[in-house]
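Here are three short exercises to work through with the model open beside you. Take each task first, then follow the solution step by step.

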Amino acid sequence: MIRICIVEDNMAYRNALALFIGRVSDFEVVHISDTLEDIENVVRNVNPDVYVLDIDLPVTSGIRGIRLIKDINPEANILMLTVFEDEEKIFQSVKAGALGYLLKKDPPERIIHAIRSIHGGESIMNGQIARKILNYFTKQVPAKPSFEDYNLTKRETEILMLLIDGLTYKEIAARCFISLDTVFSHIKKIYAKLKVNSRSEIAARFR
């Protein structure tokens with residue numbers, strides 16, 4: 001089962017989202033809330049497989065929520081599901097560590113696919129959002145850096161290239177003949193050396 005946490009302050013949309021997610025045979029909604037007030041307890045004690053967050057939440061924003069979750073569990077899988085399409089909010093979500101960014105107007109089937117894909121280690125955005133991300137990075141990043149700039153080991157460089165090629169964590173483990181836990185350990189070190197929080201940031205930096 002893929003265990004899912006939903007944080008959404010629009011009651012009608014939250015209930016509808018929980019209803020159709022809960023109907024998927026291999027999905028289980030393990031936490032649902034309208035705020036991030038209890039998110040640290042959820043991460044530590046419930047430990048969902050995928051977090052589905054809105055951005056415009058009361059008190060604590062969804063972007064701040066990403067950071068709170070990642071501070072406790074750097075490998076957390078987070079999907080932003082929101083109405084916002086402006087480049088700054090998209091970029092800030094990705095920079096904070098979200099693996100996916102969809103709009104509430106996206107069809108339910110796309111949301112289901114995104115949850116499964118993110119759980120499998122992939123990054124998911126609809127085409128419109130992906131273009132905005134690339135446009136933002138094109139304006140913000142003047143030059144493509146070199147792997148040598150970050151003092152990566154040979155294995156870390158190999159895994160980084162596989163991440164850029166879009167392989168899932170399981171595929172990387174199989175390709176490199178190492179365990180999934182070892183892949184996670186290498187990726188954590190890569191993120192620290194590159195000072196990034198997500199695969200989307202890596203893809204944009206080395207595209």
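**Exercise 1.** Find which backbone atom lies 3.0 Å from a polar atom of the side chain of glutamate 156, and decide whether glutamate 156 is buried or exposed.

*Solution.* Keep in mind that this is a predicted model.
- Start with the partner: the backbone nitrogen of threonine 153 lies 3.0 Å from a polar atom of the glutamate 156 side chain.
- Next, place the residue: glutamate 156 belongs to helix H7, residues 154–164.
- Now look further along the sequence: beyond its neighbours within four places, glutamate 156 touches Asn151, His186, Lys189, Ile190 and Lys193.
- Finally, check exposure: the relative accessible area of glutamate 156 is 3%. Buried means under 20%, so glutamate 156 is buried.

**Exercise 2.** Work out the strand order of the open sheet and say which strands stand at its edges.

*Solution.*
- Trace the six strands: the order is E2-E1-E3-E4-E5-E6, with parallel pairing.
- Look at the ends: E2 (27–33) and E6 (124–125) each have a single partner strand, so one side of each lacks a neighbour in the sheet.
- Zoom in on one pair: E3 (residues 50–53) and E4 (residues 77–82) run parallel and are joined by four bridges. Valine 50 sits opposite asparagine 77 in E4.
- Add the helix: H1 (residues 11–22) lies across E1 (2–7), E2, E3 and E4, at about 160° to E2.

**Exercise 3.** Describe how helices H2 and H3 cross and which residues meet there.

*Solution.*
- Geometry: the axes of H2 (residues 39–46) and H3 (residues 62–72) come within 10 Å and cross at roughly 35°. The crossing is right-handed.
- Residues: Ile39, Glu40, Val43 and Arg44 of H2 meet Leu68, Ile69 and Ile72 of H3.
- Classes: this contact has five nonpolar, two charged and no polar residues.

Technical notes
Residues are numbered from 1 along each chain as its sequence is written. This is a predicted model: local features need pLDDT of at least 70, side-chain atom pairs count only at pLDDT 80 or more; totals for chains, interfaces and linings use all residues. Side-chain values use heavy atoms; hydrogens and water are left out. Axes are lines fitted to C-alpha atoms, for helices over the stretch in contact, and angles run from 0 to 180 degrees between N-to-C directions. Helices (H or I, at least four residues) and strands (E, at least two) are DSSP runs, numbered from the N terminus. A crossing is left-handed if the near helix is turned anticlockwise from the far one by less than a right angle, and right-handed if clockwise. Contact means heavy atoms within 4.5 Å. Ala, Val, Leu, Ile, Met, Phe, Trp, Tyr, Cys and Pro count as nonpolar, Asp, Glu, Lys and Arg as charged, and the others, Gly among them, as polar. Buried means under 20% relative accessible area, exposed over 50%, partly exposed in between (1.4 Å probe, protein chains only). A polar contact is a pair of N or O atoms within 3.5 Å; within protein, one must be able to donate a hydrogen and the other to accept it, and residues adjacent in sequence count only if both atoms are side-chain atoms. Two strands pair if DSSP finds at least two bridges between them.
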